[in-house]
Amino acid sequence: MPEILEEDKRIVALSALLEEDRSSGNLIERAQLFLNKELWRPALEDAKAALVLDTTSVPAYIVAGKAALKLKRFEESYNYYKEGLELDSKNKTIIEDFKVLQNEIVTDYDERAQHIPEKKYKAVELCSQDVYPGDDELFKLETDILLKKYKIDVNDVIKPTDVTISRRKEAASFGVMAYNAQKDKRLEEALQCCHVALGKDPTNYRLLHMRATVFEDLDETAHALRNLFMIPKPFRFIEAWKLGGKLLNKLDLPVLAEFWLRKATAMVPEANRHTDLDSATLFQQVRVKRIYGPLTKECPVKVAFTDYGRALLSCIHLPACANCGASLITAKDFFGAKYNTLPPELRAFADEHWPNVKGFPCRKCDKEIYCTVSCREEAWSRYHQIVCPSVNPAGNDLYDLIKNKGQGQSEKGKWQDLWVGQYSPIVLVKIWAMIVAEAKRLIKERGIHLVWNDICHPEDAGKCGEVSYPISEAEFEARYYQATCNLQAFSASKSPGTDFIENISETEDIRTLAMLKFLEENSKNATVSFAGMFPLHACLNHACNNNVEVTDGFAQGRPAVHVHVRQPIKPGEELFTTYIDTAMPRKLRRAWLYKSFSFWCICKRCQFEGDDNSTCTECKAPAADGKKLPGCSRCKRAWYCSGTCQKKAWMRGHKDICSLDHTSVHKRITEN
Ligand SMILES: C[S@@+](CC[C@H](N)C(=O)[O-])C[C@H]1O[C@@H](n2cnc3c(N)ncnc32)[C@H](O)[C@@H]1O
């Protein structure tokens, strides 16, 4: 009690004093007293006033930080403490207070979060399905196309008529047979059962819908659609409208597709409006394609409809050999949209001098393309025989995923990121396919029984019909990580584009100069990047003072990587490359390496460089309170508490790393 009285008296005295002497010292003292009395607002005001008079007062920053924290003005508090730390990086009170601030923020967040319902943002719910002006004309036009091109007459509906109960029952039992056959992928049989069932009861609209789905499975889009149109409008149910919309979109009839999907959306029961968004999403996908498709025809992007609404997707497609990575770029790919706007004489010039680029697609699928017939044969025997969609239908999904840059439709038909890894999934697929292809080759070469027992699980020995190796999710993750630690990004350093420039530079054609000038003004990056696994290169360890560097190059006529030495290397000395950008300071380098490759770098450079001026790089002693240690004047990456430490470090190894030239080597991809 007496103490409080003392404090009150002092506040009165200080207030009087401040009338005459408004010094920062007096303000800070009063602020501190207010703080003791838990009067946060006046404490903050005084501290702020003190900071106006003296921006270097650490105590004022502390009081302001504490008061703002108590008032739950977290950001303000954070800023005061931050400024205080900039003046005094070792201030214990601020460091402690920072921890309190962090706890307060987390506690406050937890308290608030309890009352905030987790509301998911659903872009599709914000989009309208309004009919656009002029759509009625387009509707008629598309209906006309439907009749003329696909022979679907929208008036050809099957009106409800009386059908005897026994015929209805017979139809229903054929319907069940059709259902089971379709489920087991016996599609022709399913179709026959549908025909018989509908012969008995043509007014069973569920059966008409089923027949449409069988036709859809058989990829007979027009037939499928015709069956749906046969259902009279008032009897069409939600699945029929939805499927119709999907099929019309496939036939490139977007206005009709939107009409059907609008109907499907409207039929979703009120209770499911926020969860069953399939039709609404499909509607927006159709609309986005209709509106933005023409706009992006000439652009290297396309607009899709994703969880966040309309989204821009990159779709630059630069062809390259799937086996060796050689560029297969044509003049049209190289010039892009500009190709059509080239003055006719320059276009003719480009066509004349562009190297002959002929791709050789896989003979059984169009998913892979090669630079030569021998690359095609090699790819087939090494891996493609295992993943080619012609022999392995799952390959279709894989190649579609790659084509769509990791995006695809979820099981619910939602367009989303299905693959978020940095490298394409084909990297792992190729490795596994190569193993299987090699196993098959060995089986053939050595005789099936001998090898079979080597590669089959002992329990299954003799029973297995074919080579199989189940891959669990955990193994997939682990193998993917393993692969990323060993891969090297590379691209063909020579391509038809570079050959073209070489070709025209040698001609004496007067168009050469104009073309070179055009290329200079319109130069674009036309290289394709690959991830390669090179057995010897993958044995290269990392050092931040790397003595070799990896670059793009050619080997045996194919794109490859070259390892160049950066300095003389003695026999027996280890070759070190770098996995990261060595221009980064030590803390960042170590963080990157730790995050991406799980090791803590202790290379010579990391040993003889420090993190900052607060610790002696040599003896590890911390700097005295508020002091900054002087740094090495040459590299500015090591700090010492004394001349002795500096000399010692120099002799022990700093001299070897002090004046290294750190090039940014971005080749190896490090962000996993
Ligand atoms: C491309 S491999 C190099 C060959 C590897 N040493 C091996 O035995 O297969 C990359 C892996 O080598 C290890 N590694 C490379 N450089 C290292 C270093 N400076 N310190 C510790 N481990 C390193 C890490 O485990 C990293 O993920």
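# Close-up views of a predicted model

**View 1. Among the elements that cover the buried residues of helix α3 are α2 (24-36) and α4 (58-70).** Please keep in mind, here and in the views that follow, that this is a predicted model. Helix α3 takes in residues 40-53, 14 residues in total. From its first C-alpha to its last α3 reaches 20 Å, close to the 20 Å expected at 1.5 Å a residue. Ala-43, Leu-44, Asp-46, Ala-47, Ala-50 and Leu-51 are the buried residues of this helix. Around the axis they cover an arc of only 165°, which puts them on the same side of α3. Look to the other side of α3 for the exposed residues Arg-41 and Val-52. An α-helix makes a turn every 3.6 residues, so positions three or four places apart point the same way.

**View 2. Glu-38 sits in the loop between α2 and α3.** This residue is worth a second glance for its backbone: Glu-38 has a positive phi of about 60° although it is not a glycine. Is Glu-38 buried or exposed? Glu-38 counts as exposed because its C-beta neighbours inside 10 Å number 9, and the cut-off for exposed is 12 or fewer.

**View 3. Residues 58-91 carry the UniProt annotation "repeat: TPR", taken from an unreviewed entry.** What does the model show over this stretch? Residues 58-91 are 79% helix and 0% strand. The C-alpha atoms at the two ends of the stretch are 9 Å apart. Helix α4 (58-70), one of the elements covering the buried residues of α3, can be found here too.

**View 4. Helix α9 turns its buried residues toward α10 and α11, against which they pack.** The end C-alpha atoms of α9 are 27 Å apart, which agrees with the 27 Å that its 19 residues should span at 1.5 Å a residue. Which residues of α9 are buried? They are Ala-171, Phe-174, Gly-175, Ala-178 and Gln-182. Viewed down the axis of α9, the buried residues fall within an arc of 115°, so they line one face of the helix. The face turned away from this buried side carries the exposed residues Ile-165, Ser-166, Lys-169, Val-176 and Lys-183. Just after α9 comes Lys-185, with a positive phi of about 65°.

**View 5. The largest nonpolar core has 43 residues.** Cys-194, Ala-197, Leu-228 and Trp-260 have the most contacts inside this core. Seven helices are worth tracing here: α9 (165-183), α10 (187-200), α11 (205-217), α12 (221-229), α13 (238-250), α14 (254-266) and α15 (278-292) each supply at least two core residues. A second core, separate from this one, has 26 residues, including Phe-335, Tyr-370, Ala-379 and Ala-433. In soluble globular proteins, nonpolar side chains tend to be buried together.

**View 6. Cys-194 is one of the residues with the most contacts inside the largest core.** Which residues does Cys-194 touch, leaving aside those up to four places away in sequence? Its partners are Ala-178, Leu-207, Met-210, Arg-211 and Val-214. Ala-178 is already familiar as one of the buried residues of α9.

**View 7. Strands β10 (residues 548-555) and β11 (residues 558-565) run antiparallel and are joined by 8 bridges.** To follow the pairing, begin at Glu-549, whose bridge partner in β11 is His-564. Val-550 stands opposite Val-563 in β11. In a regular strand, side chains alternate between the two faces of the sheet. The hairpin has 2 residues between its strands, and Gln-556 takes a positive phi near 50°.

**View 8. Lys-636 lies in the loop between α26 (604-607) and α27.** Lys-636 has a positive phi near 55° and is a residue other than glycine. Lys-636 is exposed, as 12 other C-beta atoms lie within 10 Å. Further along, Thr-644 belongs to helix α27 (residues 643-657). Thr-644 is exposed as well, with 11 other C-beta atoms within 10 Å. Between the C-alpha atoms of Thr-644 and Glu-618, which are 26 residues apart along the chain, the separation is 9.6 Å.

**View 9. The chain as a whole contains 27 helices and 12 strands.** To set the close-ups in context: of its 672 residues, 28% count as buried. Among contacts between residues at least 6 apart in sequence, 57% join residues at least 24 apart.

Terms used:
Residues are numbered from 1 along each chain as its sequence is written. This is a predicted model: local features need pLDDT of at least 70, side-chain atom pairs count only at pLDDT 80 or more; totals for chains, interfaces and linings use all residues. A nonpolar core is a set of buried Ala, Val, Leu, Ile, Met, Phe, Trp, Tyr and Cys residues joined through C-beta atoms within 7 Å. A residue is buried if 20 or more other C-beta atoms lie within 10 Å of its own, exposed if 12 or fewer, and partly exposed in between; C-beta atoms are placed from the backbone. Helices (H or I, at least four residues) and strands (E, at least two) are DSSP runs, numbered from the N terminus. Two residues are in contact if their C-beta atoms, placed from the backbone, lie within 7 Å. UniProt positions are given in the numbering used here, feature names are shortened, and annotations may be inferred rather than shown by experiment. Two strands pair if DSSP finds at least two bridges between them. The expected span of a helix is 1.5 Å times one less than its number of residues. The arc is that of the directions from the helix axis to the C-beta atoms.
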